[in-house]
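The following exercises concern the packing of helices and the setting of one loop residue. Each task is followed by a solution in steps.

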Amino acid sequence: ARVGLSVWPEATDGGDIASFAPLMQAFGYTATDDTALLLAVFRLRFRPWAAGPLDAVDAGMIRDLARRFPVDVNPACT
């Protein structure tokens, strides 16, 4: 990520927890809307040291990622 080979969140400030699942879908995680599963896969990639319920840091990170790297999903292909 440091040399541009992968994406990484730049902002970790607080975000709206309620927007976590829709922002994950905007970022490309479209297979499910199960917030617990989305949080688990998000943390495996971006916060493997984190534990506990979804928090404002998770929400802030995905807000930044979805804003900078939105995925254009074609509904006909899903």
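**Exercise 1. The nonpolar core**

Task: In this predicted model, identify which residues of the largest nonpolar core touch the most other members, and state which helix gives the most to this core.

Solution. The largest nonpolar core holds 14 residues, and those touching the most other members are Phe-20, Met-24, Phe-27, Phe-42, Phe-46, Ile-62 and Leu-65. At least two residues of this core come from each of helix 1, helix 2 and helix 3. Helix 1 gives the most, with five residues. As a check on one member, list the contacts of Leu-65 beyond four places in sequence: they are Val-7, Trp-8, Pro-9, Phe-27, Phe-42, Phe-46 and Pro-70.

**Exercise 2. Helix 1 against helix 3**

Task: Determine how helix 1 and helix 3 are oriented to each other, and characterise the residues of their contact.

Solution. Begin with the axes, which lie 9 Å apart at an angle of about 30°. Angles under 35 degrees count as roughly parallel, and helix 1 and helix 3 are therefore roughly parallel to each other. The crossing of helix 1 with helix 3 is left-handed. Next, list the residues: helix 1 contributes Phe-20, Leu-23, Met-24, Ala-26 and Phe-27, which meet Asp-58, Ala-59, Ile-62, Arg-63, Leu-65 and Ala-66 of helix 3. Sorted by class, the residues of this contact comprise nine nonpolar, no polar and two charged.

**Exercise 3. Helix 1 against helix 2**

Task: Carry out the corresponding analysis for helix 1 and helix 2.

Solution. The two axes come within 10 Å and cross at roughly 60°. Helix 1 and helix 2 are therefore oblique to each other. Helix 1 passes helix 2 in a crossing that is left-handed. On the helix 1 side the contact is formed by Phe-20, Ala-21, Met-24 and Phe-27, and on the helix 2 side by Thr-35, Leu-38, Leu-39, Val-41, Phe-42 and Phe-46. The residues of this contact divide into nine nonpolar, one polar and no charged.

**Exercise 4. A loop residue**

Task: Locate Asp-33 and decide whether Asp-33 is buried or exposed.

Solution. Asp-33 belongs to the loop between helix 1 (20-27) and helix 2 (35-46). Its relative accessible area is 56%; a value over 50% counts as exposed, so Asp-33 is exposed. Leaving out residues up to four places away in sequence, Asp-33 touches Ala-21, Gln-25 and Leu-38. Finally, compare positions along the chain and in space: Asp-33 and Phe-20 are 13 residues apart in sequence, and their C-alpha atoms are separated by 9.9 Å.

Key. Residues numbered from 1 in each chain as written. Predicted model: local features only at pLDDT ≥ 70, side-chain atom pairs only at ≥ 80, totals over all residues. Heavy atoms only, no water. Helix = DSSP H or I, 4+ residues; strand = E, 2+ residues; numbered from the N terminus. Buried < 20%, exposed > 50% of the residue type's maximum accessible area, 1.4 Å probe, protein only. Contact = heavy atoms within 4.5 Å. Axes fitted to C-alpha atoms, helices over the stretch in contact; angles between N-to-C directions. Parallel < 35°, antiparallel > 145°, perpendicular 65-115°, else oblique. Left-handed = near helix turned anticlockwise from the far one by under 90°. Nonpolar A, V, L, I, M, F, W, Y, C, P; charged D, E, K, R; others polar. Core = buried A, V, L, I, M, F, W, Y, C linked by side-chain atoms within 4.5 Å.
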